[in-house]
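Work through the exercises below with the structure open. Each task is followed by a solution in steps.

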Amino acid sequence: MKKQFLVILFLCVSIFTNAQNTMIIDTIFANNHKNVALFFPQPIRQGITGSENFVFTYNREKEQYFGLLQAAPGKESNLLTITSDGRAYAYILKYADQLPKLNYFIPEGKSIGNEKLEFKTKKITKEAIDSYKNRTTYFERFSSYLLKTKFESIATKRKIGMRLQLQKVVYQANEVYLVIEIKNKSGIDFEIDYLNIYRTNGNSKRKASFQKLQQEVIYKYKMPHAIKNRERRRFVYVLPKMVLGTNEKLLLELQELKGGRKVILKTKN
C-alpha cells in the first residue's frame, strides 16, 4: 500500500511539473512609483516573489481578491500566488519605467494548477493543533519559569510614554518563547488591541524591497488586556520554532484599542 501511494505521489508531481514546463507564463511589469493591481477570481491566501526588489502586498489578516505589486530596478523575477480555493498562479516580473497596464483581472483559466496533497496538509495541521492543546500545561509551566529567571533586555522601544521591551528569546523543543514587558508612563491607561509578531526582510524605508510576514502565536501566558498608568506587565508568547535568515529581523507591533497609539519594536538578527 505504501509503495502504491509513493507511485501515485510521484505521478502527481510529474504531471504538475510537466504542465508547468509546457505552459507559457505571462509577464507583468512594475516600477517603484506606481501600484500595479492584480485581481484574482478568489481571495489571495499567499503571494511570494522570487527577489526582494519586487514586493507583492495583500491583506494577510482578512483575505481579499486583489494585491498590489511594486518594484525597484533590478533583474527580472517571478510571482507565485495561491488563492483560497488552492489554485496557483505564476507570472514573470520585470521592472519598467513605462507600464503597459496598471490593472490585471486574472481569470481562473490562467491558473497553472491546484495545490497537491491538500488532504495531507489539513491532517498535519489538525495534528499540530491537537498537539498544542495537549501541551498547554507544559507551555504554562515553562512560561512561568521564564518569568522568574533573571531580567535581560534584547531590544527596547520607547514612544509616547510607553515602553515595549523584548527580554528573552528561548528555544525549547519545537517552540520559541518570547518574554515581553510593557511599561506605561504616559499618564493614560493603555488598552491593548493587539500585539503582533512579524518576521521582516529588507529595508522598511524602501517599500519595494520590504517584506513582512506575521507569525502564528500558539500560546499566551499572562498576556494583559490593558496596562494602567505607572504599571508594568511581563508575559510570554509561544510560537512555533523559527530561525531567522541572514537579513531577517523580528518585529513587534503593539496597537492601542480605540486609540491611535502604536509602538513598533524592531530587533537585530
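**Exercise 1.** In this predicted model, classify Arg163 as buried or exposed, then find the polar partner of its side chain.

Solution.
- Step 1. The relative accessibility of Arg163 is 14%. The cut-off for buried is under 20%, so Arg163 counts as buried.
- Step 2. Arg163 belongs to strand 11.
- Step 3. The side chain of Arg163 makes a polar contact of 2.3 Å with the side chain of Glu181.
- Step 4. Apart from neighbours within four places in sequence, the residues in contact with Arg163 include Thr156, Arg158, Ile182 and Arg232.

**Exercise 2.** Give the strand order of the open sheet of 5 strands and name its edge strands.

Solution.
- Step 1. The order is 10-11-12-17-15, and the pairing is antiparallel.
- Step 2. Strand 10 (155–159) and strand 15 (219–221) each pair on one side only, which makes them the edge strands.
- Step 3. From one strand to the next, the twist averages 20°.
- Step 4. Inside the sheet, strand 11 (residues 162–172) and strand 12 (residues 175–184) run antiparallel and are joined by 10 bridges. Val170 stands opposite Tyr177 of strand 12.

**Exercise 3.** Do the analysis for the open sheet of 4 strands.

Solution.
- Step 1. Here the order is 4-5-2-8, with mixed pairing.
- Step 2. Strand 4 (54–57) and strand 8 (103–105) each have a single partner strand, so one side of each lacks a neighbour in the sheet.
- Step 3. Strand 2 (residues 36–39) and strand 5 (residues 66–71) run antiparallel, joined by 4 bridges. Leu38 has Gly67 in strand 5 as its bridge partner.

**Exercise 4.** How many salt bridges does a search of the whole structure find, and where do the partners of the Glu152 pair lie?

Solution.
- Step 1. The search finds 12 salt bridges.
- Step 2. One of them joins Glu152 to Lys168, with the closest N and O atoms 3.0 Å apart. Glu152 sits in the loop between helix 3 (136–148) and strand 10, while Lys168 is in strand 11, 16 residues apart.
- Step 3. Glu152 is partly exposed at 39% relative accessibility, whereas Lys168 is buried at 8%.

**Exercise 5.** Which parts of the chain does the salt bridge between Glu248 and Arg199 tie together?

Solution.
- Step 1. The N to O distance in this salt bridge is 2.7 Å.
- Step 2. Glu248 lies in strand 18 (residues 248–256) and Arg199 in strand 13 (residues 190–201), so the pair ties together parts 49 residues apart in sequence.
- Step 3. Glu248 is buried, at 16% relative accessible area, and Arg199 is buried, at 19%.

Conventions: Residues numbered from 1 in each chain as written. Predicted model: local features only at pLDDT ≥ 70, side-chain atom pairs only at ≥ 80, totals over all residues. Heavy atoms only, no water. Pairing = 2+ DSSP bridges. Helix = DSSP H or I, 4+ residues; strand = E, 2+ residues; numbered from the N terminus. Axes fitted to C-alpha atoms, helices over the stretch in contact; angles between N-to-C directions. Buried < 20%, exposed > 50% of the residue type's maximum accessible area, 1.4 Å probe, protein only. Polar contact = N/O pair within 3.5 Å; in protein donor to acceptor, adjacent residues only side chain to side chain. Contact = heavy atoms within 4.5 Å. Salt bridge = Lys/Arg side-chain N within 4 Å of Asp/Glu carboxyl O.
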